[in-house]
Amino acid sequence: MVMPGLEVANAEPRRGETVTAFLRRTGWAVRDREYGWQFRKGLPTILEINGEAVLRKDWRRRRIRAADVVRFTSYPLGGGNGGGAKQVIGLIALVAVSAFAFWAGPALAGALFGGSALAGSLLTAGIAIGGSLLVNALVAPKAGATNTPGSTQDQIYSVLAQGNVAKLGQPLPVWYGRLKAYPDFAATPWAEFVANDQYLNVLLSVTMGSMAYEAIYVDETVFWDSVNGVSATFAGAQIAFYEPGDQVTLFPTNVDQSAEVTGQQLPSGSGFLGGQYMGGQPVSPGAWLGPFVANPAGTQAQSIAIDFVFPAGCFTYNKDNGSIGYATVGLTAEYAPCNDAGAQTGAFVPLFAIARSYNAQSPIRDSLKVDVPPGRYLVRFRREDAELSGSSGANSVIWAGLRSFLKGNNSFPDVSTIAIRLKASQSTQGSYKFGVLGTRKLLVWDGSTFTLQPTRNNAWAFLDAATSGQYGSGLPISKVDFNAVVTHALGCAARDDTFDYRFTTAVAVPDALDKILTPSRAKHYWLGDTISIVRDEWRDVPTMLLTDREIVRDSTQVSFTMLGDEDPDAVIVEYIDEDTWLPAQVQYPPNGPTFTSVFADTRRVDGIVNREQAFRECAFYYLQSIYRRENVQLGVEYEGRAITLGSVVRVQSELPESYGYGGAVTDVAGLTLTLSPAPVWSAGPFYIRLRRPNGKFFGPVACSQGADPTRAVLNAGSLAAAEAAQSTTLAAVLAREDGGEYPSFELGSGVSQSRLCVVLNGSPNGETFTLKLVVDDERVHATDLGNPPILPIGQFPANDKVPLIAGLNANFGQGTAEPKLSASWFPSAGALYYIADVSYDSGVSWIQVYEGQASGFDVVVSPAALRLRVQAVN
């Protein structure tokens, strides 16, 4: 059997043997009833005899003669994903090793791998070569620098495009932990005029559930804080906080502003009602303006308000001495009922008829609100006299707004809201960006009862999401592994792990639960119908001992992923930093005088805002990619159904031979155990572990070889220490019912010992259970990492109105016929379009290659090193 350029097996044919008989004898291939001869690993294989191909249908009759040159050639299925030669080489190694394993065994180890103990085990193991971040962990972070934030909810993208909006019919937000965010409007903001001052009324929908507030912002300016109240900058402003279900009392919330009334001037009539320096004259009204629909179809207005403005003031002028005096203007409004189609269904009746006198040359703004029977209405408005012109004065009127106050509930049963009423001034004019800094309140177990308190703990957020009937899975607390939740909460508090995140789109419950737990390196799983938590952490006490006696024969597979030149030399984690509330990055290993990363892999973890926590998780993902490169797959019987996701099991197997020695304890006499089969007593020291009746292990206990290799003599002191530590006795460990199987043992030496493995996955297969494991390493869970590099200052512009380019990601590759540059970045809030330039002379000169609205492009470029810059234009 030959791979391209590599011979992996050979054998001598027997006299007069057919091709079919040769394959059966050597075991190189097996015959399938449907697909015919299948070679190992499923690679396509052809037969050549004396340089000519022989069809498979002729293999049964074709005999191999003494002078024939016979060659079976297997071809790889292609690298895929741009892996190229490296993936093909990895596949060759896999096939070569496997082919030898079926017939050669450890005898050929010296020829291939130098004859070490490791070489013998590698013969029956697969070898793969990596090219991206290897993730052998319970939690897997998302790839960073994505330009498709719409595919999944993305905290990095959200912080760049944040602002207050009204999302009718969209999911209500759910806030966890401590954040600065810009909530949605719970109702459409509306304004009214009071004593010539305009007041803006804003109602924010913060979160389902309760909140503890620290500060409220208008843009980046503090509007209110929990210590000082409303800032003096916003004199006359009011704010009120409402728990879910509370009645909003600061102002009405069911208010609709007509889109048709946008500042039309009222037509002039004739005559004049009079003023300080001008006598009255007979009047006739101007033409009606309108009618316009006051409230939406399907609603009932119970009050109607009209805003009117005198843009040039309202006054009369004394030509003799230049004095300014008052002027009087008559205004009349009428309303009539209409149906949902907007057609009038009744006569117009007066809404109000007033005469107002003012004495001001500056603009005058006023509002008038009138209660009406509930219904849908048309409204029209007119003035009762003529406009003053020339040097007589001024009294022109603009219809500035039409509002309806709708019949409905003024409370929000499930949502915490903030009502803000502030007077328009230079500092607030035109600003509708209100920020909230606060912490979500959740039920927290204090050891004796649940109390509602602000918390950032991942475990209490998980419990809330699992049990909430409003927005979570709605599980009763009896279906939650409460001990696991409390234990995880204590661990999160000790490590300063937090989850700070807002769910603003609908997310599947399992995905939401794992998103909550991922920053604490944990994952949810099911124990029957009970939900629980498991954390990826170092545990040297396994839940079960599995030896060759418990593992299904021929089910063990061990694969090693080798480090390659293209593997990342560092990991970068993207997160939101709580000092700036802007995107930030942290790297492990950090760049320094002796190390500079050239091929870092960027990952993103939602819910982390603390730099130290981001640094810890960044280090974990890097270290697990370095030290967790040995995967094990094996089959077990009913023991597999007692093993849960994330459990740590100790595995002994003859494949590979470095996994210790195993067998059965057939007899015990005092401190001497009789072992079958006899282990290899090579280099010590030796420790033995025994499988207890419940599958857990007992030990390790120091031992030595007895009278022969089948005898193991236990060290009395080590045995006593193990019995005391595990609260059992040797007799209880070895006790079995009559007719039961012998207890299993695992003997570890200085060169061969069982492995601690983490369960990553499992699946039932009839009466057996397949487990996928990874060999753990204590170095993965290192805690002595040092301090993260200080967050760079000034990486974002002070003016957040300027569109910001973030997450720029580019690669230079080969197109169909010419080199191609591909680039993408996060969509920038407020950007109308983007411009991209490239430079071939290190930034001295630039050439524009792209202009458009999309946040990415592919363009043909010159085959040379280049620099790329992207600008957002608003």
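Two strands count as paired if DSSP finds at least two bridges between them. In this predicted model, strand 42 (residues 648-651) and strand 49 (residues 755-765) meet that criterion with four bridges, in the antiparallel sense. One residue of this pairing is Val648, whose bridge partner in strand 49 is Val758.

Strand 49 also pairs with strand 50 (residues 768-775); the two run antiparallel and are joined by eight bridges. Within this pairing, Asn761 stands opposite Lys772 of strand 50. Strands 49 and 50 form a hairpin with two residues between the strands, and Gly766 in that hairpin takes a positive phi near 70°.

The protein as a whole contains 11 helices and 56 strands. Of its 874 residues, 48% count as buried. Among contacts with a separation of 6 or more, 72% are between residues 24 or more positions apart.

Strands of a sheet pair through backbone hydrogen bonds, either parallel or antiparallel. An example with three strands is the open sheet in the order 23-22-28, where the pairing is antiparallel. Its edge strands are strand 23 (324-325) and strand 28 (393-394), each of which pairs on one side only. Strand 22 (residues 315-317) is joined to strand 28 by two bridges, in the antiparallel sense. Thr316 has Gly393 of strand 28 as its bridge partner.

The helices can be followed from the N terminus. In helix 1 (residues 19-26), the buried residues are Val19, Thr20, Phe22, Leu23 and Thr26. These residues lie on the same side of helix 1 because they cover an arc of only 160° around the axis. They pack against four strands: strand 3 (29-32), strand 4 (36-39), strand 5 (45-49) and strand 7 (70-74). After helix 1 comes Gly27, with a positive phi near 75°.

The next part concerns helix packing. Two packed helices are described by the angle between their axes and the distance between the axes. For helix 6 and helix 7 (residues 482-495), the angle is about 145° and the axes are 7 Å apart. On the helix 6 side, Asn458, Ala459, Trp460, Phe462 and Leu463 take part; they meet Phe482, Val485, Val486, His488, Ala489 and Cys492 of helix 7. By residue class, this contact has nine nonpolar residues, two polar and no charged.

Helix 6 (residues 458-467) also packs with helix 8 (residues 509-517): their axes come within 9 Å and cross at roughly 170°. Angles over 145 degrees count as roughly antiparallel, and helix 6 and helix 8 are therefore roughly antiparallel to each other. Helix 6 contributes Asn458, Ala461, Phe462, Ala465 and Ala466 to the contact, while helix 8 contributes Leu513, Ile516 and Leu517. The contact of helix 6 with helix 8 comprises seven nonpolar residues, one polar and no charged. Asn458 and Phe462 of helix 6 thus appear in the contact with helix 7 and in the contact with helix 8.

Further along the chain, helix 10 (residues 716-726) has Ser718, Leu719 and Ala722 buried. The arc they cover around the axis is only 100°, so they sit on the same side of helix 10. What covers these buried residues includes strand 46 (697-705), strand 47 (711-714) and helix 11 (730-734).

How values were computed:
Residues numbered from 1 in each chain as written. Predicted model: local features only at pLDDT ≥ 70, side-chain atom pairs only at ≥ 80, totals over all residues. Heavy atoms only, no water. Axes fitted to C-alpha atoms, helices over the stretch in contact; angles between N-to-C directions. Parallel < 35°, antiparallel > 145°, perpendicular 65-115°, else oblique. Contact = heavy atoms within 4.5 Å. Nonpolar A, V, L, I, M, F, W, Y, C, P; charged D, E, K, R; others polar. Buried < 20%, exposed > 50% of the residue type's maximum accessible area, 1.4 Å probe, protein only. Arc of directions from axis to C-beta.
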